[in-house]
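Open the structure in your viewer and keep the selection panel at hand. The stops below say what to select next and what is there.

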Amino acid sequence: MDAELHDRLDELQRDPYPLYARARSAEGLTYVPELDSWLVARDADVREVLRRPEDFSSANALRPDVMPAPAALAVLGGGFGGRPVVVTADGALHQELRAPIVRGLSPARVGAVLPYAAERAAALVDDFVKKGQGGRVELMSAYAGRLPGEVIGRLVGFDPDDVPALVHGGRRAEQLLFRPMAEAEQIAAAEDVVATAHLLDAFVRARHADPREDLGTELIVSVVGPDAAELTLDHRHQVVAHLQNLLIAGHLTTTALIGTTVLHLLRDRRQWELLCAEPERIPAAIEEAARHDTALQGFRRVTTRPVTLAGTELPAGTPVFLAFAGANRDASRHPRPDEFDIARPAGSRHLSFGLGAHTCPGSQLAREQLRLTLELLTSRLPGLRLAEGQRITMRPTLIHRSPERLELLW
Ligand code: HEM
């Protein structure tokens, strides 16, 4: 990618909303060179694509925004994983890969992990309150970047001591695939990704030898079969690929949504005060935050045959970028779409967790963590406010939109 295109991609990632607005009001679809895709940004069009998975394949859903250098790809190739994953699979294979994840994230399993999530959330808040000199915290590193990894780690069955390394590995994979970096940095990131994959493989072998009631065991059984004694090398690659995908899908997204939710509530402090006074509004506040500044802004699809969408003809093999975040700001479904308003009448359903075959199986887990977070912060730190003078910048990514840092006072 040339330097000029990279700068434009960076700008677009930090604030994609003007582009979505232009694309919504344009006739047909808009081609976006920075994304190398046709942008689908209207609510009705995004829904149509999601309802037609046979015409719009997910094969390119995780296609990197920036293709890593051959030397970095070679490092990755020597690691674990590299097998089909749920988010990029279609049809029968997709259903097969999705089933154990849905079981592992069932309401009962999520319910069972909630006491742990509540305990960890409270401990993280205690910790930063104790350390916060004069009542100050950087929320992303002290809380938002930590709780979701710990919670998904518990659900999968990881040793809590391994969670920081696994979270770090997920971030490095995201950087490698979605950020332009010099070749030496790419190789270092690829080495971190491979080290994380080896950690995951050690977990897979240990769990296979000693199965438990957890998502990790569920995934292993789905790959190896209930009675199979042997865990082959191919099985190990398959389960590691599953886990890598889950780690990226599961914690970075939730971290991002915690960050943007707190940011928007505190930016318009009357809404924060309303929430403190009327905590029964917390579920509505979560939905509004998920809609207004969507964590997973969009994923790609590729046409499997010639199709016409919004009047634009797309030959087979054409990439489209499905902007959930663009649809969530469509005035035809959400009146005053650019306003963040937790008192918005319920019922205008957003697309922040997708729709149809690939709809997010972790949405309940994400929502519960947001609920715990807002219950804790509104009850324990109602005086919370944004530290003055800070320049809040959003991370340059379309898959985990969040503030880079969030300095808060109380
Ligand atoms: C705020 C948090 C989250 C957001 C915004 C989010 C959003 C999404 C969206 C939009 C999709 C659909 C992608 C597509 O159509 O291609 C998706 C899929 C997925 N999400 Fe989430 N998610 C979140 C949290 C989680 C959590 C906590 C987990 C797991 C613990 C998870 C696991 C997955 C998986 C495995 C898929 C792929 C499903 C499939 O392809 O069938 N997500 N997520």
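In what order do the 5 strands of the open sheet lie? The order is 1-2-8-5-3, and the pairing is mixed. Bear in mind throughout that this is a predicted model.

**Stop one: the sheet**

Select strand 1 (30-32) and strand 3 (56-57), which are the edge strands, each pairing on one side only. Next, show strand 2 (residues 37-40) together with strand 8 (residues 319-323). These two run in the parallel sense and pair over 3 bridges. To see one facing position, pick Val-40 in the viewer and look across to Leu-322 in strand 8, which stands opposite.

**Stop two: the ligand and its iron**

Now select the ligand and centre the view on its iron atom. Cys-360 is the only protein donor to this iron, through SG at 2.3 Å. Trace the chain around Cys-360: the residue sits in the loop between helix 15 (324-327) and helix 16.

Widen the selection to the residues around the ligand, of which there are 27. His-94, Arg-98, Arg-301, His-358 and Cys-360 come nearest. Sorted by class, this shell holds 17 nonpolar, 8 polar and 2 charged residues.

Colour the elements that build the shell. Helix 5 (91-104), helix 12 (233-267), strand 5 (298-303) and helix 16 supply at least two residues each. Helix 12 gives the most, with 6 residues.

Three polar contacts can be picked out one by one:

- Arg-301: a polar side-chain atom lies 2.8 Å from an oxygen atom of the ligand.
- Val-86: a polar backbone atom is 3.4 Å from an oxygen atom of the ligand.
- Ala-249: a backbone N or O atom lies 3.4 Å from a nitrogen atom of the ligand.

**Stop three: the second largest pocket**

Leave the ligand and select Glu-287, Ser-348, Arg-349, His-350 and Arg-367. Of the 21 residues that line the second largest pocket, these lie nearest its centre. The volume of this pocket is about 360 Å³.

Which helices each supply at least two residues of this lining? They are helix 14 (282-292) and helix 16 (363-380). Helix 14 gives the most, with 4 residues. Helix 16 is thus a helix to keep selected from the previous stop, as it also supplies at least two residues of the shell around the ligand.

Finally, colour the pocket lining by residue class: 8 are nonpolar, 6 polar and 7 charged.

Definitions and conventions:
Residues are numbered from 1 along each chain as its sequence is written. This is a predicted model: local features need pLDDT of at least 70, side-chain atom pairs count only at pLDDT 80 or more; totals for chains, interfaces and linings use all residues. Side-chain values use heavy atoms; hydrogens and water are left out. On a 1 Å grid over the protein atoms alone, a cavity is a set of points where a 1.4 Å probe fits but cannot get out, and a pocket is an open set with protein on both sides within 12 Å along at least five of seven lines; lining residues have an atom within 4 Å of a point. Grid points are joined across faces, edges and corners, and a volume is the space filled by probe spheres set on the points. Ala, Val, Leu, Ile, Met, Phe, Trp, Tyr, Cys and Pro count as nonpolar, Asp, Glu, Lys and Arg as charged, and the others, Gly among them, as polar. A residue is near a molecule or strand if one of its heavy atoms lies within 4 Å of it. A polar contact is a pair of N or O atoms within 3.5 Å; within protein, one must be able to donate a hydrogen and the other to accept it, and residues adjacent in sequence count only if both atoms are side-chain atoms. Donors are N, O and S atoms within 2.8 Å of the metal (3.2 Å for Na, K and Ca); water is not among the atoms, so sites may look incomplete. Two strands pair if DSSP finds at least two bridges between them.
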